[in-house]
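Open the model in your viewer and keep the sequence panel in sight. The tour begins with the whole chain and then moves to single residues.

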Amino acid sequence: MTGTRIDGEKGGRHRAPRAASRFTTPEAFVAAETYVRGTLDYRAARDAALYDPAYQRGSFEVAVRIEDALGRNLLSQVEGVVLTGPRSGMNPLGVMNFDGGIVVAQFRIAATGEPQLITMFPVGRRE
């Protein structure tokens, strides 16, 4: 998100995760966000965050199937690695498998009342 080791949402140093993934092009990112915002899950989570007194936290998260968001050509639109062994060992990283994966999108309600995308990423599994 920031291109640095500084956490884009909370500030401070960002620890290295056990898995890292990303969209490979801006077009893939936009396609996934457009799909997410068009789902019933998005509308339900947005409405709950805006109007449900029991839920109002000012933010919400939506997860959708990666195949639905990106289509059959998804493997050229995402990439990722997973830590499979000790960081100091030989070949500590493995390729992330996105078959059956999801896209996670996190939103925050702005002062204008509009949901703003905070972060979005593909989630796969170890291969």
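Start with the contacts across the whole protein chain. Of those between residues at least 6 apart in sequence, 59% join residues at least 24 apart. Keep in mind that this is a predicted model.

Next, colour by secondary structure. The protein chain has three helices and five strands. Read from the N terminus, the order of elements is β-α-α-β-α-β-β-β.

Switch to a surface view. About 8,300 Å² of the protein chain is exposed, and carbon and sulfur atoms supply 52% of that area. Of the 127 residues in the protein chain, 31% are buried.

Now turn to the aromatic rings. How many aromatic pairs does a search of the whole structure find? There are four. Two of them are visited here, beginning with Tyr42 and Phe107.

Select Tyr42 and Phe107 and show their side chains. The two rings form an edge-to-face pair, with 5.2 Å from centre to centre and 70° between the planes. Tyr42 belongs to helix H2 (residues 40-51) and Phe107 to strand E4 (residues 93-109), so this pair ties together parts 65 residues apart in sequence. Are these two residues buried or exposed? Tyr42 has a relative accessibility of 3% and therefore counts as buried. Phe107, with a relative accessible area of 2%, is buried as well.

Keep Phe107 selected and add Phe60. This pair is stacked: the ring centres are 5.1 Å apart and the planes make an angle of 15°. Phe60 lies in strand E2 (residues 59-65), and Phe107 in strand E4, so the pair ties together parts that are 47 residues apart in sequence. Phe60 has a relative accessible area of 3%, under the 20% limit, and so is buried.

Display Tyr42, Phe60 and Phe107 together. Ring pairs link these three residues into a cluster. Phe107 takes part in both pairs just described, with Tyr42 in the edge-to-face pair and with Phe60 in the stacked pair.

For the last stop, stay on strand E4 and select Asn97, which is found in that strand. Asn97 has a relative accessible area of 10% and is therefore buried. Which backbone atom lies 2.8 Å from a polar atom of the Asn97 side chain? Add Asp99 to the selection: the atom is its backbone nitrogen.

Note on methods: Residues numbered from 1 in each chain as written. Predicted model: local features only at pLDDT ≥ 70, side-chain atom pairs only at ≥ 80, totals over all residues. Heavy atoms only, no water. Phe/Tyr/Trp six-rings, centres within 6.5 Å; stacked < 30°, edge-to-face > 60°. Helix = DSSP H or I, 4+ residues; strand = E, 2+ residues; numbered from the N terminus. Buried < 20%, exposed > 50% of the residue type's maximum accessible area, 1.4 Å probe, protein only. Polar contact = N/O pair within 3.5 Å; in protein donor to acceptor, adjacent residues only side chain to side chain. Contact = heavy atoms within 4.5 Å. Areas by Shrake-Rupley, 256 points an atom, 1.4 Å probe, with all protein chains shown as cover.
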